[in-house]
Amino acid sequence: MDASKTVLETVNKLRQRRTAPLVLELDLTEGLTEGPPADPLSAVLSMRKPRLADVLGGLKRARGDSRVKALIVKIGANPLGFATVQELRQAIVQFRAAGKLTVAFSETFGEFGNGTVPYYLATAFERVYLQPSGDVGLTGIALEQRFFKNALTKLGVGYEVGQRYEYKTAANTFTQDHMTEAHRESLGRIAESITEQIVAGIADGRRLDPAKVRELIDRGPFIGAEAVDNGLVDRLAYRDEVYEEVKRAAGADSHLLFVSRYVRGPKLPQRGDSVALIHGTGMIKTGRSGRSPLGGGGAMGSDTVSAAIRNARRDESIKAVVFRVDSPGGSYVASDTVWREIVLTRKVKPVIVSMGDLAASGGYFVSMAADVIVAQPGTLTGSIGVFGGKPVLAELLEKIGVNSDLVAEGGNAAMFSTARGFSPEQWDRVNAWLDRIYDDFVGKVAEGRRLSRERAHELARGRVWTGADAREGGLVDEVGGLEDALGIARKRAGLVADAPVRTYPRLNPLERLRGPDSSEDRAAALARVRLEAWGPLAHLAAELGLPAYGPLVMPGRLTIR
């Protein structure tokens, strides 16, 4: 009898749970992942992080779900890219417009540090709560670059680099001891554009005059009580107080559910005509995509991404392709390989590019042939240019007592030796290579974006643009996020507004185990675990000039967070 009673009580609780009001929860303290895990290691490393696409899809679904009453988001110290923050803001504003309560809670927006971007995210919510011991690090945007030329000179290391053109400044960190005029102009406009977007967002979200927001930025950071007095947060409260208030507003019997769990809940089977979603994330390289076993992020391999695009093109159930790009660039050859697949696919079905935080240089190269390019106002894109060269270690080797000698057959056989500089004849070859790549890049920009070659060159010259400015110049078509790109893809393909999206390619376990039968098999789009990267030291290695993907790659890095 007792057992029957227990079973009945359990069934009743489950039934009540299925019908009770929902408070969706999102914890951003561990950040977000851009795409699905490309390999088993990536799956393990990203276990605690929700996927951006899942969050966006979940919030979209919840807008029409009468059970969902509220959303509460914990905003932590783990930085999110600026364009990612704008994607989340857009989804939250739309969720809020559906009549749902939205609450942001943070222990601190920057603990004795800059918290401008996390706070900017919070201002999309109806209510903003801060732990009493927390601060609001609203201090504005600063873009800092370090220059190692003098330090390298002291070590006996020189860099011989050619670039196209003056705004292609990635190598300046090794060849200059301060910002060039073009470098300062480019970064200054990026900082100005980002600040304009932040001021507009905070003013709208907190119902403040933009001039007042500018004044507050100049006066920040703020301790908690000051933040309340200036209308930056609604009140100071601990987590338990915030959650109690939200659950009380949602209903006494409401319960919490993570957005990532909600989006995986019961759904109608997804069959029939679909949109393929393909991710291209990280530095672009030839070969297969992969991730270091030590961490440090993944790489976009041209073989892997091209195979995914190729298979989506040949899949008759796929009526349009959305290519999500989040990349600072990399190999010209690898970028051109992916570009070709986009061109071929566009001939038979619509291709829409959705840019993430960064789609610059090679990241723009793989995007520019799409039917439509969608970017957030704060996406960093463009950087249409090229640079190349090498470090010269002759003086350093001499200082430490290392002698270098060689035997060579061929006038330029030792051209890429780091023990000596380029000869005049070798510089001729370097410049021919740079001119060829730049001319090809600009020509394809002009063709893909329907611009004159002169206008494409004017927008190029290596300059990085925000998505807002790129839209004004014609390098980007629409301002928006992933959901906007999916909507455009459905419309262009003549699909219904809720046509399913398939992350492509989706392989079953057997396909993953057996490997591909050929380069055109679906399993050819698998990533691999790579061993050649610096893992968690990748950023440090890049700043020191150490090669991340080959002996001649000198990476640059610029992130708004």
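This report describes a predicted model of one protein chain, moving from the chain as a whole to its helix packing, the setting of one histidine and some backbone features.

## The chain as a whole

The protein chain contains 22 helices and 22 strands, and 52% of its 561 residues count as buried. Among contacts between residues at least 6 apart in sequence, 76% join residues that are at least 24 apart. The surface that the protein chain exposes comes to about 26,100 Å², of which carbon and sulfur atoms supply 52%.

## Packing around helix α14

Helix α14, which covers residues 332–346, packs with helix α17, residues 424–449, at an angle of about 20° and with the two axes 13 Å apart. Because angles under 35 degrees count as roughly parallel, α14 is described as roughly parallel to α17. The crossing of α14 and α17 is left-handed. On the α14 side the contact is made by Tyr332, Asp336, Trp339 and Arg346, and these meet Arg436, Ile437, Asp440, Lys444 and Gly448 of α17. Sorted by character, the residues of this contact between α14 and α17 comprise 5 charged, 3 nonpolar and 1 polar.

Helix α14 also packs with helix α13, which spans residues 302–314; their axes come within 9 Å and cross at roughly 5°. The two helices α13 and α14 are therefore roughly parallel to each other. From α13 the contact draws on Ser302, Val305, Ser306, Ile309, Arg310 and Arg313, while α14 supplies Ala334, Thr337, Val338, Glu341, Ile342, Leu344 and Thr345. The residues of the contact of α13 with α14 divide into 6 nonpolar, 4 polar and 3 charged.

## Histidine 457 and its surroundings

Histidine 457 sits in helix α18, which runs over residues 453–459. Its relative accessibility is 31%, so histidine 457 counts as partly exposed, a class that lies between the limits of 20% for buried and 50% for exposed.

Leaving aside residues up to four places away in sequence, histidine 457 touches Tyr165, Tyr438 and Val442. Aspartate 439 is 18 residues from histidine 457 in sequence, and the C-alpha atoms of the two are 9.0 Å apart in space.

## Cis peptide bonds

Most residues other than glycine have a negative phi, and most peptide bonds are trans. Against that background, the peptide bond from arginine 164 to tyrosine 165 is cis, with omega near 0°. Tyrosine 165 lies in the loop between β6, residues 158–164, and α7, residues 172–175, and Tyr165 is also one of the residues that histidine 457 touches.

Glycine 220 and proline 221 are likewise joined by a cis peptide bond, here with omega of about 5°. Proline 221 is placed in the loop between α9, residues 210–219, and β7, residues 222–223.

## Residues with positive phi

Phenylalanine 112, a residue other than glycine, has a positive phi near 50°. Phenylalanine 112 is found in the loop between β3, residues 101–106, and α5, residues 116–122. With a relative accessibility of 87%, phenylalanine 112 counts as exposed.

Arginine 450 is not a glycine either, yet its phi is positive at about 55°. Arginine 450 belongs to the loop between α17 and α18, and thus comes between the helix that packs with α14 and the helix that holds histidine 457. At 55% relative accessibility, arginine 450 counts as exposed, because the class of exposed residues begins over 50%.

Terms used
Residues are numbered from 1 along each chain as its sequence is written. This is a predicted model: local features need pLDDT of at least 70, side-chain atom pairs count only at pLDDT 80 or more; totals for chains, interfaces and linings use all residues. Side-chain values use heavy atoms; hydrogens and water are left out. Helices (H or I, at least four residues) and strands (E, at least two) are DSSP runs, numbered from the N terminus. Buried means under 20% relative accessible area, exposed over 50%, partly exposed in between (1.4 Å probe, protein chains only). Contact means heavy atoms within 4.5 Å. Axes are lines fitted to C-alpha atoms, for helices over the stretch in contact, and angles run from 0 to 180 degrees between N-to-C directions. Angles under 35 degrees count as roughly parallel, over 145 as roughly antiparallel, 65 to 115 as roughly perpendicular and the rest as oblique. A crossing is left-handed if the near helix is turned anticlockwise from the far one by less than a right angle, and right-handed if clockwise. Ala, Val, Leu, Ile, Met, Phe, Trp, Tyr, Cys and Pro count as nonpolar, Asp, Glu, Lys and Arg as charged, and the others, Gly among them, as polar. Accessible areas come from the Shrake-Rupley method with a 1.4 Å probe; for residues, only the protein chains shown count as cover.
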